[in-house]
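These are my notebook entries on a structure that I had not looked at before. I set down in order what I looked up and what I found.

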Amino acid sequence: MRYVIDLRSDTVTRPTPGMRAAIAAAVVGDEQMREDPTVNELQERAALLLGQERALFLPTATMANQIALKLHSRPGDVLIAQEHSHIVIYEFGGAAVHAGLLTVGLPGVAGRPTAAQVASAAASAQDVVDQQPAVLVLENTHNVAGGRVWPLDELDAVVAAARAGGLGVHLDGARLMNAAVALGVPAAAIGSRVDTVTLCLSKGLGCPLGAILAGPADLMEVAWRQKFLFGGAMRQAGIIAAAALYALDTHVDRLAVDHARARRLAEGWHAVGLPVEIDRVETNFVQIDTSLLALSRDDALDVLSEAGVALSPTYGHTHIRAVTHLDLDDADIDRALEIAPEALRAHLQV
Ligand SMILES: Cc1ncc(COP(=O)(O)O)c(C=O)c1O
């Protein structure tokens, strides 16, 4: 199917001509021998960017998260995470499969567990049985909540509660650069607050693939071994690292444009009566509550894509989302503002 305006995800972007040129010009070596200069440069730069001692280049953010779990725990331990986190609902039970962890899901608000919830989960997991809570995973921005951002003071309170409970803290910052741009702070102001952090390169940053895991040097040395165990150790990976370096130079500040376009979509759709959750729009996601339409979630997606604007389902049976990204321009947003209300008009509940 050919989508006219593809708002399904910020993962759909294709490398720009500038990024392709950077890929073509990359100086490469054997990454498994730590000899790829472009990978090494990316890792050094990413560590600084994220406010951590060392960083490791990996093929996916899922692998980064899964390796992080193993750094903070032993089989039989407990993972504590917001119940709709990527690591809980979209990583195929990897916490159990790879790290042997029992997951305790917390409700949270806007994707953010509270300090009290974390403290009580850390304590109750110890009380009820002999399980050992070992790691708290937070997500920023939170995907299923609609790209929501952690205020720094809330993050501090939750990290403090986790540390008081003896937990390591991993941040799934797949979209951490969106959070940093939305807050107007350097990425390190977020990344340095936790023990380990994931950054995805193939979302808003527009790379074809790749992710970073960053943390203390000793843990990253363990992570290097895990990278081999997961089959993620590559060879001339500099061709991808070059795309990442290019993205860090050229695609970070422009995330503000994605955020402004998401807000424009949300406000425009809301103004003409679409059930947009406008208060939730903090970054590049816009969520629509289809339970307020007279058609099912999947039918709403079909109606929209037939009209030429592709959205995607998000967790649960009611919500769909539009995600802005660098393959869109202002004209696409204008057209989506026209097309979606026209397509859904007949299905609005009055
Ligand atoms: C919050 C979050 N974490 C992790 C991932 C996994 O990223 P990858 O596809 O690179 O494994 C995603 C992908 O959508 C995500 O949204």
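The entries below go from the ligand to single residues and then to the backbone.

**Entry 1: the model.** I note at the outset that this is a predicted model.

**Entry 2: the ligand shell.** I first looked up which residues surround the ligand. I found Thr60, Ala61, Thr62, Asn65, His86, Glu139, Asn143, Asp172, Ala174, Arg175, Cys200 and Lys203. By class, I recorded three nonpolar, five polar and four charged residues in this shell. I then asked which element gives the largest share of the shell. I identified helix H3, residues 61-72, which contributes three residues.

**Entry 3: polar atoms at the ligand.** I went on to the distances between the ligand and polar atoms of the protein. For alanine 61, I noted that a polar backbone atom is 2.9 Å from an oxygen atom of the ligand. For aspartate 172, the partner is a nitrogen atom of the ligand, which is 2.7 Å from an N or O atom in the side chain. For lysine 203, I recorded 2.8 Å between a polar side-chain atom and an oxygen atom of the ligand. How much of the ligand's accessible area does the protein cover? The ligand on its own has 390 Å² of accessible area, and I noted that the protein covers 83% of this.

**Entry 4: glutamate 277.** I located glutamate 277 in the loop between helix H12 (255-271) and strand E9 (285-289). Is glutamate 277 buried or exposed? I entered it as buried, because its relative accessible area is 16% and the cut-off for buried is under 20%. Leaving out residues up to four places away in sequence, I found that glutamate 277 touches Gln287, Asp289 and His319. With histidine 319, I recorded a polar contact between the two side chains, at 3.1 Å.

**Entry 5: aromatic rings.** I searched for aromatic pairs and counted one. The pair consists of tryptophan 224 and phenylalanine 228, with 5.1 Å from centre to centre and 75° between the planes, an edge-to-face arrangement. I placed both residues in helix H10 (residues 217-229), where they are four residues apart, about one turn of the helix. I also looked up their accessibility. Tryptophan 224 has a relative accessible area of 10% and is therefore buried, whereas phenylalanine 228, at 35%, counts as partly exposed.

**Entry 6: a cis peptide bond.** I turned to the backbone with a general point in mind: most residues other than glycine have a negative phi, and most peptide bonds are trans. Which peptide bond did I mark as cis? I marked the bond from asparagine 140 to threonine 141, which has omega near 0°. I found threonine 141 in the loop between strand E5 (133-139) and helix H7 (152-164).

**Entry 7: positive phi.** I noted arginine 34, which is not a glycine but has a positive phi of about 60°. Its place is in the loop between helix H1 (17-24) and helix H2 (37-50). With a relative accessible area of 38%, arginine 34 is partly exposed. I also noted phenylalanine 92, again not a glycine, with a positive phi of about 55°. Phenylalanine 92 lies in the loop between helix H4 (86-89) and helix H5 (94-99). I entered phenylalanine 92 as exposed, because its relative accessible area is 82% and the cut-off for exposed is over 50%.

Definitions and conventions:
Residues are numbered from 1 along each chain as its sequence is written. This is a predicted model: local features need pLDDT of at least 70, side-chain atom pairs count only at pLDDT 80 or more; totals for chains, interfaces and linings use all residues. Side-chain values use heavy atoms; hydrogens and water are left out. A residue is near a molecule or strand if one of its heavy atoms lies within 4 Å of it. A polar contact is a pair of N or O atoms within 3.5 Å; within protein, one must be able to donate a hydrogen and the other to accept it, and residues adjacent in sequence count only if both atoms are side-chain atoms. Accessible areas come from the Shrake-Rupley method with a 1.4 Å probe; for residues, only the protein chains shown count as cover. Helices (H or I, at least four residues) and strands (E, at least two) are DSSP runs, numbered from the N terminus. Ala, Val, Leu, Ile, Met, Phe, Trp, Tyr, Cys and Pro count as nonpolar, Asp, Glu, Lys and Arg as charged, and the others, Gly among them, as polar. Buried means under 20% relative accessible area, exposed over 50%, partly exposed in between (1.4 Å probe, protein chains only). Contact means heavy atoms within 4.5 Å. Rings of Phe, Tyr and Trp (its six-membered ring) pair if their centres lie within 6.5 Å; planes under 30 degrees apart count as stacked, over 60 as edge-to-face and the rest as tilted.
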